[in-house]
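Please open the model in your viewer and keep the selection tool at hand. We will walk through it one stop at a time.

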Amino acid sequence: MSQQKTVSFERPVLRGTLQVPGDKSISHRAVMLGSIAKGKTTIAGFLDGEDCLSTIEMFRKLGVKITREGTDVVVESPGIANWQTPTEALDAGNSGTTARLMLGILSGSSVTSEMCGDQYLSKRPMKRVTDPLGLMGANITSEGQADYLPLTIKGATLQAIDYDMPVASAQVKSAVLLAGLQAQGVTSVTEQVVSRDHTERMLMQFGANVKQSGKTIYLQGGQQLTGTDVVVPGDISSAAFFMVAAAMVEGSNVTFEKVGLNQTRTGILDVLESMGVHINILDEQGLSGERYGSVQIKHSELRATEIGGDLIPRLIDELPVLALLATQAEGQTVIKDAEELRVKETDRIEAVATELRKLGAIIETTEDGMIITGPIPLTGGTLQSYGDHRIGMMAAIAGLITSDPVHIDNPSCIAISYPHFFEDLSSLVKH
């Protein structure tokens, strides 16, 4: 029998301040680039969720010394040229970011390694990454189903390519750039729609010369990175769940401290504003190329909106909880251009629609999104997480506005990105 968590509050109000855990994307990249670099890297505010711990364990198996005390991490690396060949498989766990970025990194290294993942990650396609890496000369093979984990990566001499991105994906872009760091020549990546740019920013922080012209990024191969100090701001994708809660629950007023405000990630704020939510940004400042600040969200009367186009890459992880918010907005909210959701930890379009319908939501799925009618009062019920942390957190937030309790099957997956989620939820709820 699967583990279950019940969320039930009687007429809750959310009030107070919250500092969410460190940004998952930035935490991954800080460990990765610190391990590629020569020397010592210190990371403050690291997310100690399961996905990021998978990244740390991978590099330990490659001979990189990594010590961790809570959210402080120290990486001491001999540099990518001096990594050890691992004696066992590199396990990416549930982390698509770890798997896809590591394929790029390992392709140009001097080691041969096998990479595996959990039952969910092993069903996620790697072809979008292995195809461009193959063009660079990467040696990636599979004994089982091609382009799915487990995969064997034999380090090779790579050649730079000019790559036009067929889909907006920061993971694909990052994999190609990180392979390009070890390639001969100048690698360029051109995006149709700009995706999150943490890799480019952090490469520069570690001393790489990265150039950008319009939507094209250029990286000269053979550059040596040097260890540095990284401070990780709060993860806006984690904050989004409580932002939506504050917007939905009558009388709520929550301030999120030191949350990342990188403009490639703040689509959630744009959508909330378009739905009539009161947002106040305080203390905005820059830090190591990443902006952060405090964000105040108050309960508001909600109106439907359209979410699509260039917005989608800027809030792809927040779409499950925005679908929940749309059930409480006046009118029909349309989510489109979000085909990417079908190849996440699960098919998030079908999963979100299926679970919210159990609570009484009116949702029509489309090939690339959803049409959600509101406002609809939601009842309680038992919801599946599908082993997907974003679906699990969405289910928990739904429990704030349902007439009866919400029971969540397999809530432990939430620890992938937010280990203290339920404690933080309880801390904000006032009666």
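How close do the axes of helix H11 and helix H12 come, and at what angle do they cross? Select residues 389–398 for H11 and 421–428 for H12: the axes come within 12 Å and cross at roughly 20°. An angle under 35 degrees counts as roughly parallel, so H11 is roughly parallel to H12. H11 passes H12 in a right-handed crossing. Now show the side chains at the contact: Met 393, Ala 396 and Ile 397 come from H11, and Phe 421, Phe 422 and Leu 425 from H12. By class, this contact has six nonpolar residues, with no polar and no charged ones.

**Stepping back**

Before the next stop, zoom out to the whole protein chain, and please remember that this is a predicted model. The chain holds 12 helices and 24 strands. Its C-alpha trace spans about 60 × 45 × 45 Å along the principal axes. The radius of gyration is 21 Å, which agrees with the value near 22 Å that a compact globule of 431 residues would have.

**Helix H1 and its two partners**

Next, select H1, residues 24–36, together with H2, residues 50–61. Their axes come within 9 Å and cross at roughly 5°, so H1 and H2 are roughly parallel to each other. On the H1 side, look for Lys 24, Ser 27, His 28, Val 31, Met 32 and Ser 35; facing them from H2 are Asp 51, Cys 52, Thr 55, Ile 56 and Phe 59. This contact of H1 with H2 is made up of five nonpolar, four polar and two charged residues.

Keep H1 selected and add H6, residues 198–205. Here the axes lie 10 Å apart and the packing angle is about 40°, which makes H1 oblique to H6. The crossing of H1 and H6 is right-handed. The residues to display are Ser 25, Ile 26, Arg 29, Ala 30 and Leu 33 of H1, with His 198, Thr 199, Met 202 and Leu 203 of H6. Sorted by class, the contact of H1 with H6 has five nonpolar, three polar and one charged residues.

**A four-stranded sheet**

Now move to the open sheet, whose four strands run in the order S18-S19-S21-S20 with mixed pairing. Its edges are S18 (306–307) and S20 (362–366), each of which pairs on one side only. Select S20 with S21, residues 369–374: the two pair in the antiparallel sense over five bridges. Within S20 and S21, Thr 366 stands opposite Gly 369.

Which helix lies across S18, S19 and S21? Select residues 319–326 and you have helix H9, running at about 25° to S21.

**Backbone details to finish**

Most residues other than glycine have a negative phi, and most peptide bonds are trans. The last three stops depart from that pattern.

- Gly 374 to Pro 375: this peptide bond is cis, with omega near -5°. Pro 375 sits in the loop between S21 and strand S22 (381–384).
- Leu 149 to Pro 150: a cis peptide bond joins this pair, with omega about 5°. Pro 150 belongs to the loop between strand S8 (139–141) and strand S9 (151–154).
- Asp 283: phi is near 55°, a positive value in a residue other than glycine. You will find Asp 283 in strand S16, residues 278–287.

Conventions: Residues numbered from 1 in each chain as written. Predicted model: local features only at pLDDT ≥ 70, side-chain atom pairs only at ≥ 80, totals over all residues. Heavy atoms only, no water. Axes fitted to C-alpha atoms, helices over the stretch in contact; angles between N-to-C directions. Parallel < 35°, antiparallel > 145°, perpendicular 65-115°, else oblique. Left-handed = near helix turned anticlockwise from the far one by under 90°. Contact = heavy atoms within 4.5 Å. Nonpolar A, V, L, I, M, F, W, Y, C, P; charged D, E, K, R; others polar. Pairing = 2+ DSSP bridges. Rg over C-alpha atoms; globule rule 2.2 N^0.38 Å.
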